[in-house]
Amino acid sequence: MSKSNGLSAMDVDEEKQIGPKFQINVLQLLKSAQMQHGLRHSDYARYRKYCTARLRRLYKSLKFLHGRGKFTRRSITEATVIDVRYLHIVLYMAERAWSHAMEKRQLPDGPNGKQRIYLLGRLRKAVKWATLFTQLCSVRGDSRTSLEAEAYASYMKGTLMFEQDKNWQTALVNFKNARAVYEELGKYGTVENQVLCRERVDELEPSIRYCLHKVGESKLQTSELLDIGKMEGPALDLFQTKLEAVMEEARQQQAATMTEFNWLGRRFPISNAKTRVSILKAQELEKELHSPAADSLPSEKRLAMFDKIFSAYHDARSCIRNDLATAGNAENVKDDLTGLDKAVSAVLGQRTIERNQLLVTVAKSKFRKQNDKGEKVTKPEELVRLYDLLIQNTTDLSDLVSSARDRSPEEVAFAEEYILKGSAFRAERCFYLAKSYSLVGKRTEAYALFCHTRSLADAALQTLSKTNNSEKALVEELKALIENCRSSSCIEHATGIMEEEKIPERLSKGVSSISLNGDKKVEKFLIDTLDDYASALGEPGSKTVPRIEKFPPAFQSVACSPIVLDIAYNSIEFPSLENRMKKEKKGLLSRFWG
């Protein structure tokens with residue numbers, strides 16, 4: 001018993017000398033700070049400013065300032081850490097240096113020579129502070145905090161090696177160490193912490209596979225790296241920049257063998273290397289966009305892919321037009337470049353129509369969910385505007401293809417196909433224009449437009465049936481549109497008759513409610529009926545004005561000040577004041593002549 005008491009006393013003395021053990025959920029703390037202060041949208045400048053402000057608050061709260069005037073840094077050692085906030089200082093110093101390096105990495109044209117040197121310097125600072133954080137946590141932190149600190153330092157070291165493009169084996173070892181720690185920590189603790197650890201393991205996996213690829217221990221092809229670069233997260237931003245650089249090199253190697261651009265049976269030679277790379281990049285994105293896996297992607301990501309395709313084709317067109325400006329008098333070269341420019345512009349027009357069709361699909365899905373609460377519904381006018389864009393796109397594309405003198409049969413068929421699509425888009429536009437008239441109660445106009453839509457759709461369907469290459473999707477859309485027009489026109493006709501039958505009834509009610517006294521309907525506002533549970537906002541989706549309070553407020557009568565008539569003034573006899581008045585002195589001559 002005495003022996004156990006002696007051991008406990010020794011433990012107490014040791015605890016007093018070393019100090020208490022601190023606990024920090026490093027991954028949870030950093031993930032929360034990153035998502036709340038910029039890294040949800042990859043805004044590293046905002047996150048760096050947050051780290052700076054956070055450090056300033058920690059310094060002031062601990063009174064751990066570095067002197068006034070001349071700056072003298074105070075070092076943080078194991079003896080200094082008497083509060084958990086000292087560990088936070090070291091951690092946020094590492095985060096600030098890392099976010100500054102990532103900010104330089106995200107420059108529009110990439111970091112130049114000096115900026116890259118500065119970037120590597122900031123990453124070395126991050127590794128330095130992360131290593132110090134690991135040393136302090138091994139002494140002043142509990143076992144879990146020490147493990148998380150080691151994983152954090154391993155990730156920082158691997159990131160530095162990854163950016164330096166050397167020591168891939170060392171980077172691989174550090175990334176694997178961090179993954180092993182997070183895999184182990186993901187088995188214990190709260191559910192939220194387990195989820196965060198598994199997410200970090202998933203974020204580290206692409207970097208590990210890339211290092212294996214560079215070391216030569218993996219048979220992964222360069223084109224297959226795109227599949228592991230689709231994940232998102234702060235730990236993957238450096239990997240994605242490396243992946244883009246690798247894919248650019250692969251495109252340049254593949255573009256060296258690309259000599260022609262095929263379009264509608266014609267072959268256009270490509271001599272400029274930049275043009276080849278841009279066209280090749282656009283074609284790779286098109287393959288990814290039209291793959292079966294892309295159908296399951298959300299519309300936002302598909303629209304982002306369209307934007308990348310447009311950017312690549314615009315770069316190709318700018319290169320082609322620069323070559324045209326410097327071609328001189330070489331007619332053959334000019335003809336080839338003009339044909340290539342026309343082909344690229346036509347493909348760009350096709351992708352623009354596909355993008356606008358995707359926007360129409362999204363708008364239609366929201367238009368059909370008009371009764372769902374909490375969602376922004378699509379108005380018919382928005383669909384009319386989108387179909388206006390599609391009609392203009394098809395007209396421009398067909399005019400572009402039809403502008404040549406010697407057109408091939410493929411070009412003629414291509415122009416006729418898009419003219420037919422334009423007629424189908426006109427029918428769809430007319431349908432939603434009728435819907436907009438129907439919503440505002442104009443039954444006659446809506447009925448006439450529905451009938452006109454039906455005639456346009458019938459004409460387009462007949463023309464489509466005569467062509468050999470009829471599109472099944474377009475045929476089904478036109479048939480569904482004809483059925484909708486038939487039902488909608490019947491509904492509008494019936495509704496118009498019902499409203500016309502109710503006109504005499506409404507007139508009789510209106511005449512019976514006429515009063516010579518001029519009584520007006522008193523509107524009740526929310527401020528006057530606070531004890532009732534009646535709604536003052538009207539029906540959801542209606543355009544009625546909320547009845548909260550009457551504004552501007554009505555005029556109120558104000559009592560006037562009393563009018564006072566001073567009639568006593570005329571009856572008052574005032575005393576004489578002549579004896580108090582100053583008398584004028586008269587001279588000698590004034591005595592004789594008054």
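How do the axes of helix 14 (residues 409–439) and helix 16 (residues 472–501) come together, and at what angle do they cross? The two axes come within 11 Å and cross at roughly 25°, where axes are lines fitted to C-alpha atoms, for helices over the stretch in contact, and angles run from 0 to 180 degrees between N-to-C directions. Helix 14 and helix 16 are therefore roughly parallel to each other, since angles under 35 degrees count as roughly parallel, over 145 as roughly antiparallel, 65 to 115 as roughly perpendicular and the rest as oblique. Helix 14 passes helix 16 in a left-handed crossing, a term for a near helix turned anticlockwise from the far one by less than a right angle. Helices here are DSSP runs of H or I with at least four residues, numbered from the N terminus.

This is a predicted model, in which local features need pLDDT of at least 70 and side-chain atom pairs count only at pLDDT 80 or more, while totals for chains, interfaces and linings use all residues. Residues are numbered from 1 along each chain as its sequence is written, and side-chain values use heavy atoms, with hydrogens and water left out.

**Salt bridges**

The structure holds 21 salt bridges, each defined as a side-chain nitrogen of Lys or Arg within 4 Å of a carboxyl oxygen of Asp or Glu. Three of them are listed here.

| Pair | N to O distance | Relative accessible area |
|---|---|---|
| Asp-307 and Arg-355 | 3.9 Å | 41% and 23% |
| Arg-351 and Glu-354 | 3.0 Å | 11% and 25% |
| Lys-364 and Glu-428 | 3.6 Å | 14% and 9% |

The salt bridge between Asp-307 and Arg-355 links distant parts of the chain, with Asp-307 in helix 11 (residues 299–325) and Arg-355 in helix 12 (residues 331–368), 48 residues apart. Arg-351 and Glu-354, by contrast, both lie in helix 12, three residues apart, which is about one turn of the helix. Within that pair Arg-351 counts as buried, whereas Glu-354 is partly exposed; buried means under 20% relative accessible area, exposed over 50%, and partly exposed in between, with a 1.4 Å probe and protein chains only.

Lys-364 forms a salt bridge with Glu-428, and this pair also joins distant parts of the chain, from helix 12 to helix 14, across 64 residues. Lys-364 counts as buried, and so does Glu-428. Elsewhere, Lys-31, Arg-200 and Glu-203 are linked in a network of salt bridges.

**A loop with positive phi values**

Most residues other than glycine have a negative phi. Asp-165, although not a glycine, has a positive phi of about 60°, and this residue lies in the loop between helix 6 (143–164) and helix 7 (168–185). Asn-167 lies in the loop between helix 6 and helix 7 as well, and its phi is near 55°, again a positive value. Asp-165 is partly exposed at 41% relative accessible area, and Asn-167 counts as partly exposed at 41%.

**A nonpolar surface patch**

Leu-526, Ile-527, Leu-530, Leu-537 and Ile-548 form a nonpolar patch on the surface, with about 460 Å² of accessible area together. Patches are made of residues with over 30% relative accessible area and no salt bridge, with like charges joined within 9 Å and nonpolar side chains (Val, Leu, Ile, Met, Phe, Trp, Tyr) within 5 Å. Leu-526 is found in the loop between helix 17 (503–512) and helix 18 (588–592), and Leu-526 is partly exposed, with a relative accessible area of 31%.

Notes: Accessible areas come from the Shrake-Rupley method with a 1.4 Å probe; for residues, only the protein chains shown count as cover. Helices (H or I, at least four residues) and strands (E, at least two) are DSSP runs, numbered from the N terminus.
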